Amino acid sequence: MTQIDLSVPSSNWTLADQAQPAFRLFAHLSFYKAHPYVFTEQYEALFALFAPILKERCDKIMMWDRPGANARRGNKIKPDDWRPFEHIKSIHSDPSNGIFTGFYFVDKSDKDMKGRGLCSFRFFVGSSIRLDACIPLEDWQAGRLDVEALVAVLQTLPYFSFSAGYGLSLSDQFDNAAAFDLAEMLIPVAHRYPALDLQHAEQRNAVPKDEADASAFWIGGVNWLTGVGEPFVSALGGAPALARGLPAGIDMNSGSSGVVFRLGEHPITGEAGVDDTALPLYRQLGQRLRPIGYPDADSLRKFVFGKFKQAESLAWMRRFYDS
């Protein structure tokens, strides 16, 4: 059983009240090329892989089913909500104006609906599309998520990038730059478990007006599964270049939407003395996927640990890209 210790001494906050260990999927997709009104069936197939766990773990929903980012009244999950993409499309189906829609399935333990629970599924359409799904480690380790099916369905969606592996299910408090103490508490966790995805979804790269400009943004990160789509595959020389001389232990799958790398047989936390043999794979892949303009790429300047910890945030963003 994988153990991730979130106890941090000498703090006014309790990190475990604001973050939970999870198996986490983050996907970043184009508003123009991957809209849920167009790819409804594919998104439903993706959601169906998580639905059995969500039905056990979640009892509330926030639903933005009309363009404009106004959540509907009432947070009770309705029967139609279990086909969320079909439901949203039934309300409004014009992709040219289908912005600020989405939903968030909320864990039973998350009483104030701020992202504190073990389990969640967040999907939101803004200037780009962000999907952030977490399931408890015990469900992951019980084999309740079909990884082959997950990769297969993601390859039917034109993604910019995606990552999946061990991470933290994070409270929305982590997207608040004023939460200095809380963000600072992540730093020792990041040092102990370098393979954890602990970046809040709203801190990921913004997409420029020109989505083909790979120098203006970058992939969402490196994890056990790392999906790289356009414009990044082309910017890195194409799929054959990425596959050439791939180190043993890194598998690559090419599809119509991009390439997917798998690092070893199972996810890791990166903890010293536990994952020593697998962690080098993350660095080896990271050095192949360095952002355009590295090491000074603006796409790396995200304040994972808050605006008061810019150097530490940059070091974390670069941890697998550096030699």
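## A bend in helix 1

Where does helix 1 bend, and by about how many degrees? In this predicted model, the bend is at phenylalanine 50 and comes to about 50°. A proline also turns up within four residues after that point, namely proline 52.

What about the span of helix 1? This helix covers residues 40-57, which is 18 residues, and at 1.5 Å a residue it should span 26 Å. Its end C-alpha atoms sit 24 Å apart, so the two values agree.

## What helix 1 hides

Quite a list of helix 1 residues is buried, including Thr40, Tyr43, Glu44, Phe47 and Arg57. Phe50, where the helix bends, is buried too, and so are Ala51, Ile53 and Leu54.

## Helix 1 meets helix 4

Helix 4 takes in residues 147-154, and helix 1 packs with it at an angle of about 160°. An angle over 145 degrees counts as roughly antiparallel, so that is how these two helices run relative to each other. Their axes are 9 Å apart, and the crossing is left-handed.

Who does the touching? On the helix 1 side, the contact is made by Gln42, Ala45, Leu46, Leu49 and Phe50. Helix 4 brings Ala149, Leu150, Val153 and Leu154. Among the helix 1 partners, Leu46, Leu49 and Phe50 are also buried.

## Over at glutamine 3

Now for glutamine 3, which lies in the segment before strand 1 (19-30). Is this residue buried or exposed? Its relative accessibility is 55%, so glutamine 3 counts as exposed.

Leaving aside neighbours within four places in sequence, glutamine 3 is in contact with Tyr193 and Glu271. Its C-alpha atom is separated by 31 Å from that of tyrosine 159, which is 156 residues away along the chain.

Definitions and conventions. Residues are numbered from 1 along each chain as its sequence is written. This is a predicted model: local features need pLDDT of at least 70, side-chain atom pairs count only at pLDDT 80 or more; totals for chains, interfaces and linings use all residues. Side-chain values use heavy atoms; hydrogens and water are left out. The expected span of a helix is 1.5 Å times one less than its number of residues. The bend at a residue is the angle between axes fitted to the seven residues ending there and the seven starting there. Buried means under 20% relative accessible area, exposed over 50%, partly exposed in between (1.4 Å probe, protein chains only). Axes are lines fitted to C-alpha atoms, for helices over the stretch in contact, and angles run from 0 to 180 degrees between N-to-C directions. Angles under 35 degrees count as roughly parallel, over 145 as roughly antiparallel, 65 to 115 as roughly perpendicular and the rest as oblique. A crossing is left-handed if the near helix is turned anticlockwise from the far one by less than a right angle, and right-handed if clockwise. Contact means heavy atoms within 4.5 Å.
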